Every structure is written in C-alpha cells, then in structure tokens.
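Biologist: Please take a close look at one part of this model for me, the place where two helices pack against each other. Then walk me outward from there, so that I can see what surrounds that pair.

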Amino acid sequence: MKPEERKILELGVLAALVLICAVFLALQPGPRGIRSLPDWSRRKNQVPMLIQVRYTDTTGQKRIYELEQSETDGETEWRILPLDRPADRGRMEALLREIALIQPVDLIAEGDSDKTFGLNEEKRVELVLQYNTDKVVFCLGSPTPSGHYYYMKKENTPSIYTVRGTLQNKLRQDPSSFRDKQVLDFQAEALDSLIFLKGGEVKTIEREGNEWRDANGIIPDSRELNSFVKRAAGLRCLDFEMSAETGTEAPREGVFTVLMRFRDSEMEQIELTILQENRDSFLVRKAGMPDPFLITRYDGEFLIRLSGF
C-alpha cells in the first residue's frame, strides 16, 4: 500500500471513530447530554411574605416553624411562629439573600433517586416560600461530599440539582436561633438614675455629669458604671431561658430589682429583676418582656456589687 493510500485510510478510520463516539454520547440518557438549567432567580427582587420550614428532627418528630412578615408601628418586621417572637433583622436579611440566590449549578439525576441524595421525606428540609399570588416549595437534601453544595429539587418534580451554599443547615437550626436578642434599647446619655430594690431596702444612684452619686457621695465605680450604661443601651442577651415551645418556667422570685429611670419624663422606666445566678451567666427578667434572658456573669456581678445587697 502506497503511503498516500495508508494516510487516507488512517484518516477515514479516525473520522469513523469520532462519529461513533459522538452518536454514542448523544444517545446516552440522563444529565450527560447538554441540558439547560431552570432559572429559579426570577424572584431575586421579590421578598416572600411567609417562609415555612418543615423537617424531621433526630428524634423522628416532624417540626414546622414559620417566619412571617408583620407590621409594627409602620415598620416591617419578621416574627417567628409558633413562638410569636420577633426575628433578628440581620439574620433575616442574610437568610433572604441566600434564598434569593437559590439557583441550580448542575443536574445530577432524574427519576426515583430521592433517598440517595437525602431528599426522602425523613431526611429532607422542605422550604415553602409564599408570595403574594403563589407558592414555591423546594426540597433540600444532603450536602455534597465537598460540603460546598447540597442537593435540591422542586416538590413533585423528578430533576435533582446541586445548589451552592449551606442553606439546609441554617434551616435545621432551632427556630429560636432566629430570635432578636436585643433586649434593651435606649440613649445612654438619657439615663438619669438607678434604683435598687430588695425587700424593704432601697438604694438610689443618680447621675451627676460624668460621675454617679449615692447617699454617701460620688461612688468609686462611676467610670465602670458609665461603661456598663453604654453596653446596656443596646444590650443583646446571650440567650433566652424560656420559649413558647418548651414551656420552661423561670423562677418567679428575684434576688433584687433595679429600676432604670431617664431624664425625659416621657420615657418609660426599665425594670430588671435578677432572678438567679448561673455558673457563667445571670438570669434576668425585664418587665413587659415574655421571656427571661441571660446576661454575662461580668455584668451580673457588677450590678450586685453596685447594689450593695
């Protein structure tokens, strides 16, 4: 065979192999073919009115909670149901950003593969987004081996995709983790006096410029008290001791009570009662707030020292 003929034969065989491979791949079922991914980002600029989360906890109990928009004094806020407690604005904004970015990265499987990817009813997290006119239900499954993605599908559809992020872990947290932990909100400069009460005993400490005075004169803890007042003005608690879910009841009798009164007579006084001392914190009740909360041991011990009780 002449060299020219051999070269033509080799090119013909190579072309035939390429054609066979192309036909083989085109006929393969499943995600190997080129597929267009669905666009779930069309709601990117829409905020759901209600977010419902449904999942089965480690004890096999079905858990359902909701995050619902509400109006308070003309401002939109989110509330946690059935706790009926306000949600933290920062945590909700982060959650809404992640929900808005839900978008498939890759098609993984189609058909009856839910259990393989943690999308069966016992394992998955169901995320229900209620908008003004319609409702969307996503099913979130197991994380991928890398941990940077998780498996996801729309309810009642066969296609399973990977989605970037760890949203399913956030939604599995106890709903109380979304609570707004800010328990005090006032202008530090407006606080005028602290009144400590225990039984029939009363101790009053009043502001005098940058100093604080009790019945014996300027107190030595004035500088530390100013620092405490600045922290207390926007105090965020460590956690709440009681929730509507658990029904846990805190002790009713307190160690002592402190009244925080303000220069502006229109501002309501704040009443705090130290309920009990824990190893790393103090349990406090605020008048008008449904649940007692935990403050740092440092602040609790400072209030005790200041009271003299």
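Modeller: Happy to! For this part, a contact means heavy atoms within 4.5 Å. Do keep in mind that the model is predicted.

The pair you want is helix H4, residues 222–232, and helix H5, residues 297–307. In H4, the residues that meet the partner helix are Glu224, Leu225, Phe228 and Arg231. Across from them, H5 brings Tyr298, Asp299, Phe302, Leu303, Arg305 and Leu306. Sorted by class, this contact between H4 and H5 has six nonpolar residues, four charged ones and no polar ones. The charged members are Glu224 and Arg231 on the H4 side and Asp299 and Arg305 on the H5 side.

Now for the geometry. Two packed helices are described by the distance between their axes and the angle between them. Here the axes of H4 and H5 come within 12 Å and cross at roughly 130°. Angles of 65 to 115 degrees count as roughly perpendicular and those over 145 as roughly antiparallel, so H4 and H5 are oblique to each other. Their crossing is left-handed.

Moving outward, we reach a sheet. Nine strands form this open sheet, with antiparallel pairing, in the order S13-S12-S11-S10-S15-S16-S17-S18-S14. Strand S13 (217–218) and strand S14 (239–240) stand at its edges; each has a single partner strand, so one side of each is left without a neighbour in the sheet. H5 packs on this sheet, where H5 touches S10, S11, S15, S16, S17 and strand S18 (293–296). The direction of H5 makes about 80° with that of S18. H4 lies across strand S10 (191–198), strand S11 (201–208), strand S12 (211–214) and S13, and H4 runs at about 110° to S12. Strands S10 and S11 thus appear in the contacts of H4 and also in those of H5.

Three of the strands that H5 touches, S15, S16 and S17, deserve a closer look. Strand S15 (residues 256–262) pairs with strand S16 (residues 270–277) in the antiparallel sense, over five bridges. Within that pairing, Phe256 stands opposite Ile274 in S16. On to S17 (residues 281–286), which is antiparallel to S16 and joined to S16 by five bridges. There, Gln276 stands opposite Leu283, and a hairpin of three residues links S16 to S17.

Finally, the wider setting. The chain holds five helices and 18 strands, and 40% of its 309 residues count as buried. Another open sheet has nine strands with antiparallel pairing, in the order S4-S3-S2-S1-S6-S7-S8-S9-S5. Its edge strands are S4 (85–86) and S5 (104–109), each of which pairs on one side only. Four bridges join S5 to the antiparallel strand S9 (residues 160–164), with Tyr161 in S9 as the bridge partner of Leu107. Helix H2 (residues 89–100) lies across S1, S2, S3 and S6, at about 85° to S3.

Conventions:
Residues numbered from 1 in each chain as written. Predicted model: local features only at pLDDT ≥ 70, side-chain atom pairs only at ≥ 80, totals over all residues. Heavy atoms only, no water. Pairing = 2+ DSSP bridges. Helix = DSSP H or I, 4+ residues; strand = E, 2+ residues; numbered from the N terminus. Axes fitted to C-alpha atoms, helices over the stretch in contact; angles between N-to-C directions. Parallel < 35°, antiparallel > 145°, perpendicular 65-115°, else oblique. Left-handed = near helix turned anticlockwise from the far one by under 90°. Buried < 20%, exposed > 50% of the residue type's maximum accessible area, 1.4 Å probe, protein only.
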